[in-house]
Amino acid sequence: MPKRTDIKKILLIGSGPIVIGQACEFDYSGTQACKVLRQDGYEIVLVNSNPATIMTDPEFADKTYIEPITPDIVTKIIAKERPDAILPTLGGQTALNTAVALADAGVLEKYGVEMIGAGIESIKKAEDRSLFKQAMEQIGCEVPFSGFAYSLEDADKLVEEIGFPVVIRPSFTMGGAGGGIAYNVKEFNEIIADGLMLSPTDEVLVEESVLGWKEYELEVMRDNNDNAVIVCSIENLDPMGVHTGDSITVAPAQTLTDKEYQEMRDAALSIMKEIGVATGGSNIQFAVDPATGRRVVIEMNPRVSRSSALASKATGFPIAKIAAQLAVGYTLDEIVNDITRETPACFEPSIDYVVVKMPRWTFEKFPDTDETLTTKMKSVGEAMAIGRTFKEALQKVIRSLEIGRFGLGADGQDDIVMSELERKLSVANQDRIFYIRAALVAGMSVEKISSLSGIDPWFVSQIAEIVAIEQELAGTSLVEFDHPLMRRAKRAGFSDVQLAHLSGSDELAVRSRRKELEVIPTFKTVDTCAAEFEAYTPYYYSTYETEDEVRESDRPKVMILGGGPNRIGQGIEFDYCCVHAAFALKEDDFETIMVNCNPETVSTDYDTSDRLYFEPLTFEDVMNIIDREQPVGVIVQFGGQTPLKLARALEEAGVQVLGTSPDSIDLAEDRRRFGALLEELGIPQADNGTARSYDEAMAVAGRIGYPLLVRPSYVLGGRAMELVYSAEMLEGYMVSAVNASPEHPILIDKFLEGAIEVDVDALCDGLQVFVAGVMEHIEEAGIHSGDSACAMPPFTLSDRTLVKIKDYTVQLAQAVNVVGLLNIQFAVKDEAVYVIEVNPRASRTVPFVSKAIGVPLAKNAARVMAGRLLKDLALDIPTHINYTSVKEAVLPFDRFPGVDTMLGPEMRSTGEVMGVADSFGVAYAKSQLASGLHLPAGGRIFISVCDKDKRSIQMVARQLADLDYKLAATKGTAAVIMKAGIAVDEVVKVTEGRPNVVDMIINNEVHLVINTPWGRGPRADGHQIRMTAAAHGITCVTTMSAAQALVQGLQAVRDDEITVKPLQQHYRDNAALSTAPATTAGMPEIVDLAAEKAGETIAK
Amino acid sequence: MRTALLALEDGTIYEGLSYGAPGEVNGEIVFNTSMSGYQEIITDPSYAGQIVTMTYPMIGNYGVNQEDYESARPQANGFVVREGVRAYSNYRASGGLEPWLKDHGIVGIEEIDTRALTKRIRTAGVLRGVISTEDQSGESLVAKARRAPLLLGQGLVGQVTTNEEYLVGDGPIRVTAVDYGAKRSIMDLLVASGCRVRVVPATADVEQILADDPDGVFLSNGPGDPSEVESAIDVIRLLLGKKPVFGICLGHQLLCRALGAKTYKLKFGHRGGNQPVKNLATGRVEITSQNHGYAVDPETLPKNVDTTHVNLNDLTNEGVRCREIPAFSVQYHPEASPGPHDSRYLFDDFVALIKEGAVSA
């Protein structure tokens, strides 16, 4: 059947901010859908609150609503746009839940909107665990023995029948939130209580444990003509009990005979049919008893998922794109396979390589949390690698992870506690794979390791083969390496760094020896069909074989290095920038080469760049591609810290780094050089010093005085950064938090308490500087910029300050010789402007600024880096911006119970949202709603602030009282509020008796919490309040400035001022403004560099 | 580790390691894109005379077992893999693949760039080749490859068919299956559909086939060029109209030739478990298991024979049905093994055809 012509306008729901369990895979899927549906002539209305996505670029949809994805707001969009259909299967669980809510509320019916991709019945059948269980029984598919509980009593009865351990799964939650495995009554009661609360339907499944069984996933697509295909099978290395998002997974399935695989396939197809998914893709999980082969169905996602993104990248089959086409009525046999161009998409990919995916965790950011891996996903990102064997792919994926490792051990980084060996094998944790190696080295048998870990002996044997080669290589000097030995090592995935460690040499020596021996990688194509047909898509991976498949080309090539796996501090924003670089340079007739290893991203989509290399971002792997492709230049400044770290080494290897030179990057990052530069320019900086030892640190502290901001040098995302208020705290930091050494100095800054932080993103071509965005932070200095909300244009800064900020920006761009993007952080205190840091690279805020001003910053930066000038780019820059854009961070505290939600200098947010509106209050309110906070229109607000905030709380309290909120406060705060003549109930502190504030939160008597802590001192009270609030989904504001902004937001909510407007309309309305702006100080502007100096820059 | 060489008639030489039995074998080199099912593939009699390359690089992961045989022994002449996996894991496994190959004298080679080899076959077409662990001279092996017999003229069917008639199953429907190199799972599925199957040798004449007045006749798969099995075609011609006939793979080609159509050799054939076939009657696409190097030319089919199935990759013929007589056949393998089960309904169709005939008679 050809595409449907009865629908013309489609509303696509995105997935909102990046959170654990829902990362940039949904930007990838949504972007594919937008592209293909628009090509097909449909009008696309998009809603997504995440500005760092490619899909929210205004050219990807007809109407782009950067608005909160809540049923209320989406209802407003539907009322305004009147779409014919809503497509909810490409935006993760967020989109699916929103669509279900809209259907249940009758909104879809009222406005005549058809749900496409999956029907409401199918969604409910798949997502509601009791309906799903019934459906499976109907078609004879076995599920684990289980029952549903709607209360603790129900649950107790069930567990009596089933026996421990049991698995608990709440209905309708994402990434396994609220679920877990209970081994005893205590754990059981806790998890059940949690699960019942988190499930929107107050329903949890209590299930027979299939812990230790083998876990498989199938990616299925089905069309409305009952054609169905399995795109990919995935086998989890970690057995059942570890969330698939936290498991090492392998494609295709390795240890199933064809008989077992085909039976699983039959089951998957009948499940698709029974659930009724008839126009899209789904993911179905199975568990298999390794002893008997008994197979049970675990769950089904009736939508595109993280595994779909993985399956797409693993096979070359574009699941999201095809799912979108199926949703509008095409059948699989009508869609052509892009890669072969002649065969249809109605087939099952055959792959001739092995794919391994490994999760990336960031437990170091949440030191108080339990690192055990369970059914609740905790990883924040993932890397994927392709090799011709499992051994090769496994070693490649480890070095793709950005954890400082260069393969499965043997890289000089092994940190194994032998006394922990058995525990680390039997309890799933992020280092388990390294402990398997250690156990093998220590002589433990494959059988023993397998029985301790539950990991199939096949995988352990493969690892044993890696270890055997390692042991054979150990101690072999480089000159003793001959061609066969070197080739064997490389074919097993050993990196040059590992070989250097094993041979007592260094990486560059191994590299040159390897080249001398002519052991160089070949690049093979990912083609969906195991070479049966010719492939037209240059999607490559490296391996050591005989034939190389890279196509020759005479066009000048530019290589863009991506950002690797998502983690806190390095997320989708950098992928966004890399994708923009590829788009812009493609338009400028360069042949673009993308290198990245993150399967969730748009950058690793095969049609984003001209050539895609799915490879680790290490010096060795990148240089191998450079050797083969000979690009005219490489862009390292867009992918965040990962590629930036390679800049020096690449330059030393003779590679042309485009844009700002590695030396300039170093100038900005080296404190000593940078300090000297600021002094020369006369730009102020907070007093600071560098300490290489404990004594030096004390000396610096003595000189500049407390409070201090301390951190190790060369970190991203504020790793191990802390505020220090006393010598005692500094001592603690120096002793426990970090090991200062001459190689790893500690940076110490005077902390400007109460200062306003400002971020600036700019673009410089050596002649001019485009100051694109001046963002005023809402939280005061001291909170990591990545965790802080900010607004554009600035809302409290004086013109004088803004002029100074722009002036410093221009001076610094010139002095650092920036060619490309530049981000500067300032602190403003009492009209004085201090520079905090300068980053001559793409920053986290580039996508936000681009959307806030309607000028694609990264695209233009790529052009400038490739040699074009700003004046030739003819940028259409708004001279005045009449609306406010607010960026808010989204924090993962719900995943890490026990962690204090208080913000600090160490970044912990996983994603961000944007709120756009004509007024600050509404924009701020939108940003809060989009980040998942509830803004109660009435009810009781609890306030407890530290002494320094007691004065400013009066104003806030008065405004809240005027908005008819009831107030409650602890003794000290209540006294201050009452003094201002405002009614407030006094509540006892946690330490003062009961019922206290924590009881009130639990009893739902508090609807919002304002709690500001002071420093990091004893924090028992505040800590408990914040944790309880977080656990009960109560918004908790921890800074005074955020409280002030929130008041404006609450006012907007109460007055129901929240209206929706697409980005395109904001731009049009703004351009149509006829009145001359009162001031342009905080607005985007292009400024010429000082003439004599500009010439100098160019000459350099 | 013993080195081994693989030489092709076009002069290409690949160096690898001995895998399975040592020795020297020749044959037509073909590739199979199934990611699982190597035991079924190696024991499929249709691979007689051929050296099979697996495109999936890790082979042997789940060992071999007692059940997944498609005939009593390995049938392929030789076996080419990227990595022969020694440590296997599966609850049904009875042993490793390599020792099993060794026990059965199957000569193989590993550590081969099987993707390069596959592309070579894809561009050059089917090639003859030699695997040797004995002769270390590439030049000499290339010469041997060029002298190796073509599939045609080897009488491959005669080598793999049963010598003796035998019975399987005890269902109410009596079917005579002509074994040109039949896969075991076809018989299993006929039995599962309610048939009692009398399997007769490829050389059986009409009398032998109809000896017990069967309800239907099944024409099996088998190796080689259909034009070589002229005597079988004559026999089939005599059966047409007398009994309902169902053919698979070589059986399909033979039926079509008996109906007057021509067959031709494909450049490199279809071998794998992911081939899309459209059922023209229902419009549905089946993902099918295939293993054939020859195809029926649909242009040469008589007017009273309909094309029922088409391969969506290259639009070649995948199935026919006679309008006037009860006979149909498919080029692909509805019994799968290895491969997807999408087309098992064809066995029911055969039974239905038999029952229809019984009613109208």
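Here is a chat between two colleagues about how a few labels on this predicted model are earned.

Colleague: Why is A:His744 called exposed?

Modeller: The cut-off for exposed is 12 or fewer C-beta neighbours within 10 Å. A:His744 has 12 of them inside 10 Å, so it counts as exposed. You'll find it in the loop between helix H27 (727–737) and strand E26 (746–750) of chain A.

Colleague: And how far is A:His744 from A:Ser927 in sequence and in space?

Modeller: They're 183 residues apart in sequence, and 38 Å apart in space, C-alpha to C-alpha.

Colleague: What makes E23 and E25 of chain A edge strands?

Modeller: Look at the order first: the open sheet has 4 strands, E23-E26-E24-E25 of chain A, with antiparallel pairing. Strand E23 (688–691) and strand E25 (722–724) each have a single partner strand, so one side of each has no neighbour in the sheet. As for twist, neighbouring strands are turned by 25 degrees against each other on average, direction ignored.

Colleague: How do you know that E23(A) and E26(A) really pair?

Modeller: Pairing takes at least two bridges. E23(A) and E26(A) have 4, in the antiparallel sense, so they pass that cut-off. One place to look is A:Asn688, which stands opposite A:Asp749 in E26(A). While you're there, helix H26 (residues 694–704) of chain A lies across E23, strand E24 (708–712) and E26, running at about 170 degrees to E23(A).

Colleague: What about E21 of chain A, which strands does E21(A) pair with?

Modeller: Strand E18 (residues 539–543) of chain A pairs with E21(A) in the parallel sense over 2 bridges, so the cut-off of at least two is just met. Strand E20 (residues 591–596) of chain A also pairs with E21(A) in the parallel sense, over 4 bridges. For partners, A:Tyr539 is bridged to A:Leu612, and A:Val595 stands opposite A:Tyr613. A:Arg611 and A:Tyr613 point one way from E21(A), A:Leu612 and A:Phe614 the other way, and all are buried.

Colleague: Why does chain B's radius of gyration agree with a compact globule?

Modeller: A compact globule with 361 residues would come out near 21 Å, and chain B has 20 Å, so the value agrees. The C-alpha atoms of chain B fill a box of roughly 65 × 45 × 40 Å along the principal axes. Buried residues make up 60% of chain B. Among its contacts with a separation of 6 or more, 74% join residues 24 or more positions apart.

Colleague: What makes up the side of chain B that touches chain A?

Modeller: 39 residues of chain B are in contact with 45 residues of chain A. Helix H3 (114–124), strand E15 (263–279) and strand E16 (285–296) of chain B each supply at least two residues, and H3(B) gives the most, with 5. By class, that side has 15 nonpolar, 13 polar and 11 charged residues.

Colleague: Last one: which residues touch the most other members of the largest nonpolar core?

Modeller: In that core of 460 residues, they're A:Val356, A:Ile560, A:Ala581, A:Ile635 and A:Phe826. Helix H20 (residues 572–587) of chain A gives the largest share, 11 residues. Leaving aside neighbours within four places in sequence, A:Phe826 is in contact with residues including A:Val758, A:Ile805 and A:Tyr834. There's also a second, separate core of 16 residues, with A:Ala149 and A:Leu158 among them.

Terms used
Residues numbered from 1 in each chain as written. Chains lettered and ligands numbered in written order. Predicted model: local features only at pLDDT ≥ 70, side-chain atom pairs only at ≥ 80, totals over all residues. Contact = placed C-beta atoms within 7 Å. Nonpolar A, V, L, I, M, F, W, Y, C, P; charged D, E, K, R; others polar. Buried ≥ 20, exposed ≤ 12 C-beta atoms within 10 Å, placed from the backbone. Rg over C-alpha atoms; globule rule 2.2 N^0.38 Å. Axes fitted to C-alpha atoms, helices over the stretch in contact; angles between N-to-C directions. Core = buried A, V, L, I, M, F, W, Y, C linked by C-beta atoms within 7 Å.
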